[in-house]
Amino acid sequence: QVQLVESGGGLVQAGGSLRLSCAASGRTFSSRVMGWFRQVPGKEREFVAATSWSGGSTYYADSVKGRFTISRDNAKNTVYLQMSSLKPEDTAVYYCAVSQLPASTGAYSTHRGYNYWGQGTQVTVSS
């Protein structure tokens with residue numbers, strides 16, 4: 001089992017910034033990718049960004065490219081999502097997740113490719 005604990009959500013004005021954190025613990029040795037997703041009521045969980053376990057490769061949804069940055073602290077087993085130039089449409093519950101599939105499979109971009117999920121953290125961007 002892998003446990004994921006997210007933090008850093010909150011309320012911010014449009015154009016502002018937030019940084020989300022996700023700390024992983026437990027049996028992480030078979031983990032290959034860490035990702036961030038977001039979800040609004042009535043919609044499917046949407047891919048935001050992902051990084052290989054080593055942090056050497058990163059992937060982004062087109063909607064956040066150039067505004068969000070995913071990074072990883074290997075020593076702390078923690079992944080971060082730095083969000084800048086936030087827009088009201090970024091409002092959602094943000095989840096971090098771990099996949100045991102290699103990034104080369106492309107599974108990182110779909111929620112079905114992930115094995116473990118955090119509890120989620122609310123991000124609200126006001127206009």
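**A disulfide, a sheet and a buried serine**

C22 and C96 are joined by a disulfide, with an S to S distance of 1.9 Å. C22 belongs to strand 3 and C96 to strand 9 (residues 92-99), so the link ties together parts that lie 74 residues apart in sequence. The structure, a predicted model, holds one disulfide. The link of C22 and C96 is right-handed, with 50° about the S-S bond. Both ends of this bond are hidden from the surface: C22 has a relative accessibility of 0% and counts as buried, and C96, at 0%, counts as buried too.

Strand 3, the home of C22, also takes part in a sheet. This open sheet is formed by four strands in the order 1-3-8-7, with antiparallel pairing. Strand 1 (2-7) and strand 7 (68-73) stand at the edges; each has a single partner strand, so one side of each is left without a neighbour in the sheet. From one strand to the next, the twist averages 15°. Within the sheet, six bridges connect strand 3 with strand 8 (residues 78-83) in the antiparallel sense. A good pair to look for is S21 and Y80, since Y80 in strand 8 is the bridge partner of S21.

Following the chain onward from strand 3 (18-26) leads to the loop before strand 4 (33-39), and S31 is found in this loop. Is S31 buried or exposed? With a relative accessible area of 2%, S31 falls under the 20% cut-off and is therefore buried. Leaving aside residues up to four places away in sequence, S31 touches V2, W53, V98, S99 and Q100.

Notes:
Residues are numbered from 1 along each chain as its sequence is written. This is a predicted model: local features need pLDDT of at least 70, side-chain atom pairs count only at pLDDT 80 or more; totals for chains, interfaces and linings use all residues. Side-chain values use heavy atoms; hydrogens and water are left out. Helices (H or I, at least four residues) and strands (E, at least two) are DSSP runs, numbered from the N terminus. Buried means under 20% relative accessible area, exposed over 50%, partly exposed in between (1.4 Å probe, protein chains only). Contact means heavy atoms within 4.5 Å. Two strands pair if DSSP finds at least two bridges between them. Axes are lines fitted to C-alpha atoms, for helices over the stretch in contact, and angles run from 0 to 180 degrees between N-to-C directions. A disulfide is a pair of cysteine sulfur atoms within 2.5 Å.
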